[in-house]
Amino acid sequence: MDRRWVGPDGYEIVPAYRRDRQVLRVRRHGRLVADCLSVEEVARFVDLADLCEVIALPERAGDARTAVR
């Protein structure tokens, strides 16, 4: 499962690999801002308390509007 965090002002943080090393990629409005090696580096760009993890929910079998209750 892919992990992703979003914050105010269009910030998005995703794990990525750069030169065989894992980084936290910081983007703003889809544009690359920085590849950070630590959470402390990410905090230079966005307040960590403002970040929300995006969680993909499993898809339902069938349409919810036609499901039997």
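The chain has one helix and five strands, and from the N terminus on these elements run β-β-β-β-α-β. The model is predicted. Of the 69 residues of the chain, 20% count as buried. The notes below cover the overall figures, the nonpolar core, the salt bridges and two arginines of strand S3.

**Chain as a whole**
- About 5,900 Å² of the chain is exposed, and 48% of this area comes from carbon and sulfur atoms.
- Among contacts with a separation of 6 or more, 25% are between residues 24 or more positions apart.

**Nonpolar core**
- The largest nonpolar core has eight residues: Tyr11, Ile13, Val26, Ala34, Cys36, Val42, Val46 and Leu51.
- Two or more residues of this core come from strand S2 (11-18), and strand S4 (31-36) likewise gives two or more.
- Val26 is one of the core residues. Leaving aside neighbours within four places in sequence, Val26 is in contact with Tyr11, Ile13, Ala34, Cys36 and Val42, among others.
- The contacts of Val26 also include Glu12, Arg31, Leu32, Val33 and Phe45.

**Salt bridges**
- The chain has three salt bridges.
- Arg3 pairs with Glu53, with the closest N and O atoms 2.9 Å apart. Arg3 lies in the segment before strand S1 (5-6) and Glu53 in strand S5 (residues 52-53), so this bridge ties together parts that are 50 residues apart in sequence.
- Both partners of that bridge are partly exposed: Arg3 has a relative accessible area of 45%, and Glu53 has a relative accessibility of 36%.
- Glu12 and Arg4 form a salt bridge through their side chains, at 3.0 Å from N to O. Arg4 is partly exposed, at 32% relative accessibility.
- Arg25 and Asp35 form a salt bridge at 2.7 Å, N to O. Arg25 lies in strand S3 (residues 21-28) and Asp35 in strand S4, so the pair ties together parts that are ten residues apart in sequence.
- Buried means under 20% relative accessible area. Arg25, with a relative accessible area of 18%, is therefore buried, and Asp35 also counts as buried, at 17% relative accessibility.

**Arg25 in strand S3**
- Besides being a salt bridge, the pairing of Arg25 with Asp35 is listed as a polar contact between the two side chains, at 2.7 Å.
- Not counting residues up to four places away in sequence, Arg25 touches Glu12, Ile13, Val14, Ala16 and Tyr17, along with Leu32, Ala34 and Asp35.
- Two of the residues touched by Arg25, Ile13 and Ala34, belong to the largest nonpolar core.
- Glu12, which is touched by Arg25, is the salt-bridge partner of Arg4.

**Arg27 in strand S3**
- Arg27 is found in strand S3 and counts as partly exposed, at 29% relative accessibility.
- Leaving aside neighbours within four places in sequence, Arg27 is in contact with Gly10, Tyr11, Glu12, Leu32 and Val33.
- Tyr11, one of these contacts of Arg27, is a member of the largest nonpolar core.
- From C-alpha to C-alpha, Arg27 and Val14 are 8.3 Å apart in space, while in sequence they are 13 residues apart.
- Glu12 and Leu32 appear among the contacts of Arg27, and also among those of Arg25 and Val26.

Note on methods: Residues are numbered from 1 along each chain as its sequence is written. This is a predicted model: local features need pLDDT of at least 70, side-chain atom pairs count only at pLDDT 80 or more; totals for chains, interfaces and linings use all residues. Side-chain values use heavy atoms; hydrogens and water are left out. A nonpolar core is a set of buried Ala, Val, Leu, Ile, Met, Phe, Trp, Tyr and Cys residues joined through side-chain atoms within 4.5 Å. Buried means under 20% relative accessible area, exposed over 50%, partly exposed in between (1.4 Å probe, protein chains only). Helices (H or I, at least four residues) and strands (E, at least two) are DSSP runs, numbered from the N terminus. Contact means heavy atoms within 4.5 Å. A salt bridge is a side-chain nitrogen of Lys or Arg within 4 Å of a carboxyl oxygen of Asp or Glu. A polar contact is a pair of N or O atoms within 3.5 Å; within protein, one must be able to donate a hydrogen and the other to accept it, and residues adjacent in sequence count only if both atoms are side-chain atoms. Accessible areas come from the Shrake-Rupley method with a 1.4 Å probe; for residues, only the protein chains shown count as cover.
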